[in-house]
Amino acid sequence: MNISGWQQRLTAELKRDKKKTAIMAALLLVAAVLGIRLVVKSSGPDGANAGAVAMRPQPQAGSQSPTAAALPSERKPASAGRKSSYVPSGSMEITRDIFEANTDVFPPKKQTANNPARLVPSGKPVISEEEVRRRVIQAQAKALTLQSTIHSATPTAIINGCVLCKGEWINGFQVTAINARTCVLEKNGVKIILEMGQ
């Protein structure tokens, strides 16, 4: 195969697919840049340590060099002093429990009105869960209005327009007793007394 035929075939292939041509050109450019950097780096001078090692005096046979302790390769690098100032020594003693919260850095949150059962700094709840549950049920009972009671052989009460007898339910509350002007409701063990005219 001659060279001109190869060139024609290559140019025809490159013209046929523009995307492939662009990718090939980018790869060739990256390869050229890396190759140039590699050549420049390998032909350039070595680092500063290489020059210091090359100038090391050679000790004579049978004698100890007086400057052996001061050779550049055996000296501590200048950065060693800086590292020791940043890294604490291994004999550092910890005097506090590292898993206990540091109240100086992280003070405990104060009680908010939205969550009355949240713990205060002493660790004791402000009010019990039973009290919270009772208050929630009382708030739900405020939506109920006793409109009338009928005291007869089977007493009935009209609550929010519903006629109820003893043992029936309304909004999760069970009617437990119906008196002359009052009605007793119960929910989760909490008793609520509705009175007429409230």
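Trp-6, Leu-10 and Leu-14 sit together as a nonpolar surface patch, with about 280 Å² of accessible area between them. This is a predicted model, so keep that in mind for everything below. One member of the patch, Leu-14, belongs to helix α1, which covers residues 3–16. Leu-14 has a relative accessible area of 32%, so it falls in the partly exposed class.

**The chain as a whole**

Zooming out, the chain has 5 helices and 7 strands. Read from the N terminus, the order is α-α-α-α-α-β-β-β-β-β-β-β. How much of the chain is buried? Of its 198 residues, 12% are. About 16400 Å² of the chain is exposed, and 59% of that comes from carbon and sulfur atoms. On the contact side, take the pairs with a separation of 6 or more: 28% of those contacts link residues 24 or more positions apart.

**The three-stranded sheet**

Strands β1, β2 and β3 make an open sheet in the order β1-β2-β3, with antiparallel pairing. The edges are β1 (146–150) and β3 (162–165), each of which pairs on one side only. From one strand to the next, the twist averages 25°. Within this sheet, β1 and β2 (residues 156–159) are joined antiparallel over 4 bridges. If you want a register mark, Thr-149 stands opposite Ala-157 in β2.

**The β6–β7 hairpin**

Further along come β6 (residues 182–187) and β7 (190–195). These two strands pair in the antiparallel sense over 6 bridges, and their hairpin has 2 residues between the strands. Lys-187 stands opposite Val-190 in β7.

Which residues make up the covered face of β7, and which the uncovered one? Val-190, Ile-192 and Leu-194 form the covered face, while Lys-191, Ile-193 and Glu-195 form the uncovered one.

Thr-182 is placed in β6. Leaving out residues up to four places away in sequence, Thr-182 touches Leu-146, Thr-149, Ile-193, Leu-194 and Glu-195. Two of those names have come up already: Thr-149 as the partner standing opposite Ala-157, and Leu-194 on the covered face of β7. Thr-182 and Ile-193 are 11 residues apart along the chain, and their C-alpha atoms are separated by 6.7 Å.

**Two asparagines with positive phi**

Most residues other than glycine have a negative phi, and most peptide bonds are trans. That makes a pair of asparagines worth a look when you check the backbone.

| Residue | Phi | Loop | Relative accessible area |
|---|---|---|---|
| Asn-171 | near 50° | between β4 (169–170) and β5 (173–178) | 54% |
| Asn-188 | near 50° | between β6 and β7 (190–195) | 56% |

Is Asn-171 buried or exposed? With a relative accessible area of 54%, Asn-171 is exposed, and the cut-off for that class is over 50%. Asn-171 lies in the loop between β4 and β5, with a positive phi near 50°.

Asn-188 has a relative accessibility of 56%, so Asn-188 counts as exposed. Its positive phi near 50° occurs in the hairpin of β6 and β7.

Terms used: Residues are numbered from 1 along each chain as its sequence is written. This is a predicted model: local features need pLDDT of at least 70, side-chain atom pairs count only at pLDDT 80 or more; totals for chains, interfaces and linings use all residues. Side-chain values use heavy atoms; hydrogens and water are left out. Contact means heavy atoms within 4.5 Å. Patches are made of residues with over 30% relative accessible area and no salt bridge: like charges are joined within 9 Å, nonpolar side chains (Val, Leu, Ile, Met, Phe, Trp, Tyr) within 5 Å. Accessible areas come from the Shrake-Rupley method with a 1.4 Å probe; for residues, only the protein chains shown count as cover. A salt bridge is a side-chain nitrogen of Lys or Arg within 4 Å of a carboxyl oxygen of Asp or Glu. Buried means under 20% relative accessible area, exposed over 50%, partly exposed in between (1.4 Å probe, protein chains only). Two strands pair if DSSP finds at least two bridges between them. Axes are lines fitted to C-alpha atoms, for helices over the stretch in contact, and angles run from 0 to 180 degrees between N-to-C directions.
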